[in-house]
Amino acid sequence: MRLLAVCLVFAGLVVSCTGSEEPSGATTSGPQTSTPPVTAVDAYVYTDPAGIEARVKIEGDGASASLTILNDTGAVLPVPGLYVLDARDGTKVVWDVLEAAAIHDGERVAFQVDRPTVPEAKHIGLMAILFGGKDFGAFTPPHPETDA
């Protein structure tokens with residue numbers, strides 16, 4: 001009789017462990033993915049979920065560029081800065097944001113950027129934005145138009 005009771009308990013455990021019901025809290029929608037990055041044909045673009053959008057447009061073959069920042073964060077952004085990494089050797093090169101100033105919430109501000117001629121645009125491996133000296137992240141490089 002005891003053997004029968006043990007077998008019944010064991011059979012009950014096996015059935016409960018192999019049931020087809022999802023555990024509580026489980027989802028069946030699949031993996032979560034991030035939104036695709038914002039890109040532009042003629043500019044490096046940085047965006048973040050907090051409400052910052054920045055664009056750097058390199059102007060010609062000279063040593064200048066423009067930086068436009070939209071601040072929709074709900075707070076003041078500290079003074080912006082830029083740096084790039086040279087794709088050839090990883091050297092960090094600071095680009096000076098001229099007349100840099102804090103950016104108030106809801107403002108779109110354009111700055112001129114004095115960039116060294118090295119690296120040339122074709123040698124930019126990574127471009128990053130700083131606010132108040134803190135690294136906020138990398139820009140997405142320009143994407144040329146493609147035929148559809």
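**Exercise 1. State how strands β4 and β5 pair, and describe their hairpin.**

Step 1. Strand β4 (residues 80–86) pairs with β5 in the antiparallel sense, over 4 bridges. Two strands count as paired if DSSP finds at least two bridges between them. Helices (H or I, at least four residues) and strands (E, at least two) are DSSP runs, numbered from the N terminus.

Step 2. The model is predicted: local features need pLDDT of at least 70, side-chain atom pairs count only at pLDDT 80 or more, and totals for chains, interfaces and linings use all residues. Residues are numbered from 1 along each chain as its sequence is written, and side-chain values use heavy atoms, with hydrogens and water left out.

Step 3. Take the facing residues. Val84 stands opposite Val93 in β5, and the bridge partner of Leu85 in β5 is Lys92.

Step 4. The hairpin has 5 residues between β4 and β5, and Gly90 in this hairpin takes a positive phi near 80 degrees.

**Exercise 2. Place the β4–β5 pair in the whole fold.**

Step 1. The protein chain has 1 helix and 8 strands. Read from the N terminus, the elements run α-β-β-β-β-β-β-β-β.

Step 2. An open sheet of 8 strands has antiparallel pairing and the order β1-β2-β3-β6-β5-β4-β7-β8. Its edge strands are β1 (44–48) and β8 (134–138), each of which pairs on one side only. From one strand to the next the twist averages 25 degrees, where axes are lines fitted to C-alpha atoms, for helices over the stretch in contact, and angles run from 0 to 180 degrees between N-to-C directions.

Step 3. β5 also runs antiparallel to strand β6 (residues 108–114), joined to it by 2 bridges. Here Asp96 stands opposite Asp114 in β6.

Step 4. Move to the β1 side of the sheet. 5 bridges join β1 to strand β2 (residues 52–59), and the two run antiparallel. Thr47 has Glu53 in β2 as its bridge partner. The β1–β2 hairpin has 3 residues between the strands, and Gly51 takes a positive phi near 115 degrees there.

Step 5. β2 in turn pairs with strand β3 (residues 64–71), antiparallel over 8 bridges, with Ile52 opposite Asn71 in β3.

**Exercise 3. Which side chains of β5 are buried, and which are not?**

Step 1. In a regular strand the side chains alternate between the two faces of the sheet.

Step 2. In β5, Val93, Trp95 and Val97 point to one face and are buried, while Lys92, Val94 and Asp96 point to the other and are not. Buried means under 20% relative accessible area, exposed over 50%, and partly exposed in between (1.4 Å probe, protein chains only).

Step 3. Check one residue from the second group. Val94, in strand β5 (residues 92–97), has a relative accessible area of 52%, so Val94 is exposed.

Step 4. List the contacts of Val94. Leaving aside neighbours within four places in sequence, Val94 is in contact with Leu82, Tyr83 and Pro116, a contact being heavy atoms within 4.5 Å. Val94 and Met127 are 33 residues apart in sequence, and their C-alpha atoms are 9.8 Å apart.

Step 5. Lys92, also in the second group, lies over the face of Tyr83, at 4.3 Å from the ring centre. A charge sits over a ring if NZ of Lys or CZ of Arg is within 6 Å of the ring centre and within 35 degrees of the ring normal.

**Exercise 4. Why is the pair of Phe131 and Phe136 classed as edge-to-face?**

Step 1. The structure holds 2 aromatic pairs. For Phe131 and Phe136, the ring centres are 5.0 Å apart and the planes stand at 80 degrees, so the pair is edge-to-face.

Step 2. The class follows these cut-offs: rings of Phe, Tyr and Trp (its six-membered ring) pair if their centres lie within 6.5 Å, and planes under 30 degrees apart count as stacked, over 60 as edge-to-face and the rest as tilted.

Step 3. Phe131 counts as buried because its relative accessibility is 2%, whereas Phe136 is partly exposed at 32%.

**Exercise 5. Is His123 buried or exposed?**

Step 1. His123 belongs to the loop between β6 and β7 (124–131).

Step 2. The relative accessible area of His123 is 15%, so this residue is buried.

Step 3. Not counting residues up to four places away in sequence, His123 touches Leu85, Asp86, Ala87 and Arg88.

Step 4. For the chain as a whole, 27% of the 148 residues count as buried.
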